[in-house]
Protein chains: 2
Amino acid sequence: MSSLFEQHRATLDSALAAIRERGFWTAYPEVPSGKIYGETAKQEGLASYEAHLNGDFELPGHPEQRRVGAEVSPLMAASGDGALGIRYPAADVDLLVEHSQAAAAAWANASVETRVGICLEILARLNRRSFEMANAVMHTSGQAFPMAFQAGGPHAQDRGLEALAYAWDEMQRIPASARWVKPQGKAGDIIMDKHWRIVPRGVSLLIGCQTFPTWNSYSGLFANLATGNTVIAKPHPAAILPMALTVLVAREVLAEQGLPPDVVLLAAEEPGEGQAKAFAEHAGVAQIDYTGSSHFGQWLRQHAATPLVYTEEAGVNSIVIAGTDNFDAMCQNIAFSLSLYSGQMCTAPQNLFVPRDGIMAGGERKSFDDVAAGIAAAVDGLLADPARAAAVAGAIANADTLARVAQARALGRIVRDSAPLDAAGAARTATPLIVAVDASDVEAYEAERFGPIALLVAVDDAADGVRRAADLARRKGAITAALYDTSEAGILDAADAFAEAGVNLSVNLLGGIYVNQSAAFSDFHVTGANPAGNACFADSAFVANRFRVVMWRRPAPASV
Amino acid sequence: MSSLFEQHRATLDSALAAIRERGFWTAYPEVPSGKIYGETAKQEGLASYEAHLNGDFELPGHPEQRRVGAEVSPLMAASGDGALGIRYPAADVDLLVEHSQAAAAAWANASVETRVGICLEILARLNRRSFEMANAVMHTSGQAFPMAFQAGGPHAQDRGLEALAYAWDEMQRIPASARWVKPQGKAGDIIMDKHWRIVPRGVSLLIGCQTFPTWNSYSGLFANLATGNTVIAKPHPAAILPMALTVLVAREVLAEQGLPPDVVLLAAEEPGEGQAKAFAEHAGVAQIDYTGSSHFGQWLRQHAATPLVYTEEAGVNSIVIAGTDNFDAMCQNIAFSLSLYSGQMCTAPQNLFVPRDGIMAGGERKSFDDVAAGIAAAVDGLLADPARAAAVAGAIANADTLARVAQARALGRIVRDSAPLDAAGAARTATPLIVAVDASDVEAYEAERFGPIALLVAVDDAADGVRRAADLARRKGAITAALYDTSEAGILDAADAFAEAGVNLSVNLLGGIYVNQSAAFSDFHVTGANPAGNACFADSAFVANRFRVVMWRRPAPASV
């Protein structure tokens with residue numbers, strides 16, 4: 001039994017209880033407070049981040065054939081001098097796979113307790129570096145600091161722990177041994193001793209995205225490490241630092257425990273190198289976790305050398321507005337969901353289906369245009385204060401998103417135009433564009449338009465909106481859906497429709513909870529039941545096939 | 001809560017305990033005894049079977065466009081008049097998928113308890129019809145009666161129950177609802193009520209094999225039914241009756257419980273129709289369970305419309321003989337494994353690796369030829385009594401197997417020739433052919449040679465044998481391996497080598513337990529870790545991805 005395992009056992013036990021109950025629980029505090037993380041943590045985290053800039057990122061003992069790195073902070077991109085200047089060790093696909101394979105036996109042969117203990121220690125150390133990570137995530141994804149801290153730090157760590165708990169839970173249900181005693185009547189018993197062991201799949205590739213470089217990677221990372229697989233983390237070339245820090249921490253803990261650091265490798269690359277494809281085609285890669293576009297997701301599912309591919313791809317999320325008791329609060333809630341990280345979340349709504357004849361809101365009739373104006377005004381209000389606007393909307397990760405916003409202006413009637421948050425500022429920003437279209441303009445709203453783009457779609461009635469939203473989710477994928485409705489029958493019908501389409505539904509959200517939010521240990525993130533992804537972070541199915549069980553058996557000594 | 005569920009709850013609970021402990025347990029008695037099944041059960045089962053012959057098999061309400069059926073009993077095949085003459089209702093692929101889809105909503109919306117209760121009742125009724133099933137399996141697979149009863153009846157039922165228990169276990173860990181209470185300090189709590197539901201995958205295709213028409217199908221059948229999927233059972237065209245009886249029983253129970261019988265459909269076809277391919281290419285088929293050749297298995301994994309394909313394919317099983325304390329008992333044990341159902345088991349050994357310079361057996365040196373002669377003599381001894389021979393070896397399911405035996409004679413030196421059990425008998429039979437080859441004759445022993453064909457392979461030493469056997473398993477697949485060795489170090493090394501190759505290993509089997517045997521609730525059948533199959537019957541991974549979980553959530557009344 002590993003001492004790291006014993007040291008962190010209480011955290012694991014709490015996580016195991018949490019994944020059963022799925023109420024609120026978290027292991028890593030989400031508040032970036034000095035009282036929790038230490039009064040100097042914020043300043044030290046910033047200093048640590050800044051020390052990485054314009055220099056070589058060292059990963060002791062990591063395979064290295066060259067140095068790469070071309071990250072640019074979206075928060076400085078408009079100023080023309082946002083280059084982070086960090087140079088990472090890089091190596092060819094074959095060499096990285098070889099190193100990963102060379103580390104495999106030692107990791108596979110480590111006990112489950114040893115592996116899980118090491119994972120828990122990695123998470124604990126990552127948690128202590130949450131401020132450094134927040135800066136790394138902020139300056140690669142463009143998230144504002146509060147979100148970068150939460151989503152990049154404690155929330156990502158929670159997702160990692162959640163997957164770790166599922167992996168432990170599955171593995172501990174396999175007995176190490178059993179005595180099989182088969183009665184044979186007068187012939188006596190046949191007695192066999194059986195021994196089982198967990199056998200990992202092998203080298204596992206972890207393909208990250210730019211917008212949530214850690215949150216979307218930690219479930220796969222810790223599921224794989226716990227189950228004995230080695231991991232090659234291939235971050236998005238525009239967001240390497242968060243996973244480089246993660247790999248650094250993991251390798252430190254591995255080395256301290258006398259295990260090969262190459263159990264966790266970094267595949268850093270320049271933009272456009274396309275290493276993900278080469279890894280996926282490599283016969284030595286046994287599993288792939290992927291977050292990114294549906295286009296490459298489809299390629300991976302069809303062409304990767306291994307069939308074991310877990311994906312979170314894109315989808316088109318919808319809100320259906322049937323009616324509300326609190327029009328202002330509804331508009332404010334939706335405005336926040338549209339503005340948060342400028343719509344660059346896989347959970348952000350894109351389509352807002354509103355009855356053509358309007359809705360009833362607190363006993364009052366609101367026309368389609370009233371609803372449109374209400375939401376637009378709520379966005380304006382939310383973003384009126386520049387400091388708050390920056391803290392909510394952050395920056396645009398990828399310049400392509402600005403082009404999409406520009407194109408989307410032509411889709412229909414502009415209800416609210418997009419603009420930079422601060423035209424003179426250093427950050428690449430864009431506030432939500434809201435365009436009104438009719439339900440007949442299917443091309444306008446059925447395509448995924450990633451970024452601060454919302455389509456207000458005029459439908460016959462709420463049922464028409466639910467039907468269109470659910471049907472779209474079924475065909476194109478969706479990770480979230482939301483409904484505002486005062487009718488219990490309408491709510492239950494929508495729950496059925498969205499369940500059938502494999503989408504998680506949020507109903508009548510007001511106040512400080514948003515459709516975008518997916519909480520570890522409670523919300524199963526992605527259903528795996530529509531094209532937005534073929535797996536869930538995290539559930540039994542996410543972990544149970546990452547290892548196999550092999551037995552040897554022989555007659556028990558007494559029975560030979 | 002369904003009364004069927006309550007009625008069978010104790011069986012389920014025992015099964016749940018068994019899959020955790022994996023010692024000996026069985027729900028359905030394997031002894032075809034009148035004391036257990038009723039004194040008239042044997043005669044009634046035979047009569048029921050005979051009543052099906054030369055007539056229409058009725059499945060009330062089943063879609064039917066034509067009648068098909070061309071089964072021939074391998075036990076009568078040599079007499080030229082073994083045709084069963086049973087005509088089954090058959091329909092086109094599209095129509096069957098449509099009927100399955102039409103039944104889907106009612107089944108998906110039935111509670112988990114209702115579905116599991118129905119599955120348990122189906123199993124209980126199948127158990128009561130075990131004698132009828134034994135005759136059906138015997139006269140389609142060619143198994144002798146004792147095996148047809150056990151493998152076709154109670155052992156298959158145990159496998160079905162095992163998968164059912166795993167499915168229940170996974171589903172009951174998803175809470176129906178939870179209250180999520182997130183503290184917000186002075187701002188008070190955010191309180192959400194969350195509701196989860198199990199969403200099935202959809203129409204599931206179950207492609208059976210001729211040799212074990214029920215045993216290899218029940219795990220997938222009950223895993224799918226429990227998790228809310230509808231099932232189209234497509235048996236091998238040479239072994240329809242066992243699954244037709246299964247479908248009949250399932251439909252009876254469904255109808256009695258007010259659910260659509262079309263939840264379970266039969267896809268009967270004439271030999272050569274190739275419906276499996278058409279089903280697999282149908283966009284409406286969401287999952288596939290398959291047992292059969294690696295050739296079609298590979299096609300399915302690559303070309304089926306759905307990626308959710310669970311396979312048991314072929315492999316090359318090996319025994320490595322390093323040494324033994326009991327030469328005679330070893331030879332007898334191996335002889336039985338080679339002879340049982342004439343080697344037509346996915347678990348039957350094909351290659352026997354023996355050191356070129358012989359082995360130590362009970363302190364005595366046995367040359368390679370001594371070992372060969374010992375095993376050959378043991379086969380002769382086992383099959384000397386015609387009644388016992390027939391009861392062990394059964395008949396050859398497919399005439400192609402006889403052709404393979406004939407070809408295999410040319411592979412090397414014949415140690416023991418194959419011959420019909422009874423040249424004048426009605427059954428198509430062939431006793432084990434044993435051919436000696438050298439380890440350098442890789443083409444002779446690396447190919448799968450399904451049937452009563454054994455290759456005695458001369459290797460440098462036991463370690464060479466283990467290395468070759470494990471390497472072959474890794475590349476071509478294997479479901480079982482066996483080792484005879486008196487050295488504990490040799491045993492542990494072999495356990496490591498075969499584990500790495502993903503093969504279950506049996507060591508020093510003597511007496512009444514054989515490498516071929518795979519016991520439900522204890523032996524995980526197929527590891528899924530080498531090309532002999534991509535899944536295991538049954539474990540969490542076998543069931544956890546057959547359903548998805550979808551949520552809806554809203555603010556709790558008190559917190560709005």
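**View 1. The loop around Ser342(A).** Ser342(A) sits in the loop of chain A that runs between α13 (327-339) and β13 (351-355); helices here are DSSP runs of H or I with at least four residues, strands are E runs of at least two, and both are numbered from the N terminus. The model you are looking at is predicted: local features need pLDDT of at least 70, side-chain atom pairs count only at pLDDT 80 or more, and totals for chains, interfaces and linings use all residues. To find your way around, note that residues are numbered from 1 along each chain as its sequence is written, that chains are lettered from A and ligands numbered from 1 in the order in which they are written, and that side-chain values use heavy atoms, with hydrogens and water left out. Although Ser342(A) is not a glycine, its phi is positive, at about 50°. Is Ser342(A) buried or exposed? With a relative accessible area of 1%, Ser342(A) is buried; buried means under 20% relative accessible area, exposed over 50%, and partly exposed in between, using a 1.4 Å probe and protein chains only.

**View 2. Chain A as a whole.** Stepping back for a moment, chain A holds 20 helices and 21 strands. The C-alpha trace of chain A spans about 85 × 65 × 50 Å along its principal axes. Chain A has a radius of gyration of 25 Å, which agrees with the value near 24 Å for a compact globule of 560 residues; the radius is taken over C-alpha atoms, and the globule rule is 2.2 Å times the number of residues to the power 0.38. Of the 560 residues in chain A, 63% are buried. Take the contacts between residues at least 6 apart in the sequence of chain A: 75% of them join residues at least 24 apart, where contact means heavy atoms within 4.5 Å. The accessible surface of chain A is about 18,800 Å², and 52% of that belongs to carbon and sulfur atoms; these areas come from the Shrake-Rupley method with a 1.4 Å probe, and for residues only the protein chains shown count as cover.

**View 3. Cysteines without disulfide partners.** Over all chains, the structure holds zero disulfides, a disulfide being a pair of cysteine sulfur atoms within 2.5 Å. For Cys209(A), the nearest cysteine sulfur is that of Cys346(A), 7.8 Å away. Cys209(A) is buried, at a relative accessible area of 10%. How far from Cys536(A) is the nearest cysteine sulfur? The sulfur in question belongs to Cys346(A) and is 12 Å away, and Cys536(A) is in no disulfide. Cys536(A) also counts as buried, with 2% relative accessibility.

**View 4. The cis peptide bond before Ala538, in chains A and B.** In chain A, the bond from Phe537(A) to Ala538(A) is cis, with omega near -15°. Ala538(A) belongs to the loop between β20 (504-507) and α20 (540-544) of chain A. Turning to chain B, the peptide bond from Phe537(B) to Ala538(B) is cis, with omega near -15°. Ala538(B) is found in the loop between β20 (504-507) and α20 (540-544) of chain B.

**View 5. Trp215(B) and its neighbours.** Trp215(B) is part of helix α9 (residues 215-226) of chain B. At 9% relative accessibility, Trp215(B) counts as buried. Which residues does Trp215(B) touch, leaving aside its neighbours within four places in sequence? The contacts of Trp215(B) are Ala151(B), His155(B), Ala156(B), Arg159(B), Ser518(B), His525(B) and Phe537(B). That last residue is also where the cis bond to Ala538(B) begins.

**View 6. The loop between β16 and β17 of chain B.** Ser418(B) lies in this loop, between β16 (413-416) and β17 (433-438), and Pro420(B) has its place there too. Ser418(B) is buried, at 7% relative accessibility, while Pro420(B) is partly exposed, with a relative accessible area of 47%. Beyond its neighbours within four places in sequence, Ser418(B) is in contact with Val405(B), Arg409(B), Ala430(B), Thr431(B), Pro432(B) and Leu433(B). With those sequence neighbours likewise set aside, Pro420(B) is in contact with Thr429(B) and Ala430(B). Pro420(B) and Ala430(B) are ten residues apart in sequence, and their C-alpha atoms are 4.4 Å apart in space.

**View 7. The turn-off at Asn54(B).** Asn54(B) is in the loop between α3 (41-52) and β1 (55-56) of chain B. Its phi is positive, near 50°, in a residue other than glycine. Asn54(B) counts as exposed, at 63% relative accessibility.
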